Amino acid sequence: MRIAVVTSYFPTNVQPYRGHSAYQLLRQMPDGADIRVFCPLTRYPRWLLPRNFPYARVNLKHQFEDLDAEYFEYPALPVVSRSFNPSICERYLHARVRAFEPDLILNYFVYPEGCAAVSLGERLGIPVVLGVIGSDVNRIPDRVTEWHTRRALRRAAGVIAVSDQTRRRAVALGGSAEKAKTIVNGCDLDIFRPLNQRVARQQISVSGDAELVVFVGWISPTKGVLELADAIAHLNQKRRNLMLALIGEGALAAEIKARDRKSVV
């Protein structure tokens with residue numbers, strides 16, 4: 001089977017851990033599957049950059065030893081092009097995907113790439129499966145994005161979700177309940193395995209008697225990290241040994257540590 005994966009939820013040279021779950025999943029696909037990743041990235045003019053997420057140009061020639069990936073950019077303007085981003089993305093995808101001649105188009109993150117993939121699949125007569133990962137259905141920022149998301153979910157040949165809650169949300173937005181499935185992310189036990197807790201705490205200078213809350217992910221307001229830090233600070237007034245460990249990328253980490261140096265590592 002030839003599978004075209006259309007997603008911007010994928011590692012780049014600037015953000016090597018971006019979309020790492022998708023990357024690891026695709027690496028584990030059966031040997032018989034011929035997979036090519038098409039990673040569309042928005043290109044904003046220098047004089048008008050987005051403010052609600054970190055933006056940087058990436059190396060479009062970035063490659064992996066074990067997975068075939070093609071990075072390319074398409075033009076966008078903050079807010080202004082929101083209604084047209086899926087159609088613009090589709091235009092830049094069309095020739096690339098058609099030349100690959102896939103049997104299936106697989107997507108991760110619905111707007112705008114998933115919306116573009118569904119329209120392209122209809123034009124080429126190829127089924128499209130949308131992969132919803134969380135914020136693409138749980139934190140839709142505006143009505144335009146919601147309209148496109150609902151439309152894509154209704155027209156997709158199938159939907160896969162990382163949790164039952166995310167699947168239910170996708171169905172509530174218009175996805176077919178019969179065609180929506182939950183496939184939770186796996187865990188590589190060669191990497192993630194129990195270690196000696198005392199030694200691990202020593203490595204990050206945390207005392208053995210501390211109550212430790214650990215956050216792993218993108219350290220940003222959309223993940224509720226500020227609320228978590230505020231809750232830890234409030235509880236810390238009575239539970240002096242309570243600490244928060246932040247593991248991940250994001251400029252917000254430095255701000256949170258500066259606010260509460262004693263209880264955040």
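Which elements make a right-handed β-α-β unit with helix H8 (residues 225-235)? The legends below address this point and related close-ups of a predicted model.

**View 1. The β-α-β unit formed by S8, H8 and S9.** Strand S8, helix H8 and strand S9 together make this unit, which is right-handed. Strand S8 covers residues 211-216 and runs parallel to S9, to which six bridges join it. Within this pairing, Val214 stands opposite Ala245 of S9.

**View 2. Enclosure of strand S9.** Strand S9 comprises residues 242-247, and five of its six residues are buried; the strand is therefore largely enclosed by the rest of the structure. In a regular strand, side chains alternate between the two faces of the sheet.

**View 3. The second largest pocket and its lining.** The space in this pocket amounts to about 780 Å³. Its lining consists of 19 residues, of which Arg193, Leu195, Ala200, Val214 and Ile247 are the closest to the centre of the pocket. Helix H7 (197-203), S8 and S9 each supply at least two lining residues. The greatest contribution comes from H7, with five residues.

**View 4. The surroundings of Thr166 in helix H6.** Thr166 belongs to helix H6, which spans residues 164-172. Its relative accessible area is 3%, and because this lies under 20%, Thr166 is classed as buried. The side chain of Thr166 makes a polar contact with the side chain of Ser163, at 2.7 Å. Leaving aside residues up to four places away in sequence, Thr166 touches Val132, Gly134, Val137, Asn138 and Ala161.

How values were computed:
Residues are numbered from 1 along each chain as its sequence is written. This is a predicted model: local features need pLDDT of at least 70, side-chain atom pairs count only at pLDDT 80 or more; totals for chains, interfaces and linings use all residues. Side-chain values use heavy atoms; hydrogens and water are left out. Helices (H or I, at least four residues) and strands (E, at least two) are DSSP runs, numbered from the N terminus. Buried means under 20% relative accessible area, exposed over 50%, partly exposed in between (1.4 Å probe, protein chains only). A polar contact is a pair of N or O atoms within 3.5 Å; within protein, one must be able to donate a hydrogen and the other to accept it, and residues adjacent in sequence count only if both atoms are side-chain atoms. Contact means heavy atoms within 4.5 Å. Two strands pair if DSSP finds at least two bridges between them. A crossover is right-handed if, with the strands pointing away from the viewer, the path from the first strand over the helix to the second runs clockwise. On a 1 Å grid over the protein atoms alone, a cavity is a set of points where a 1.4 Å probe fits but cannot get out, and a pocket is an open set with protein on both sides within 12 Å along at least five of seven lines; lining residues have an atom within 4 Å of a point. Grid points are joined across faces, edges and corners, and a volume is the space filled by probe spheres set on the points.
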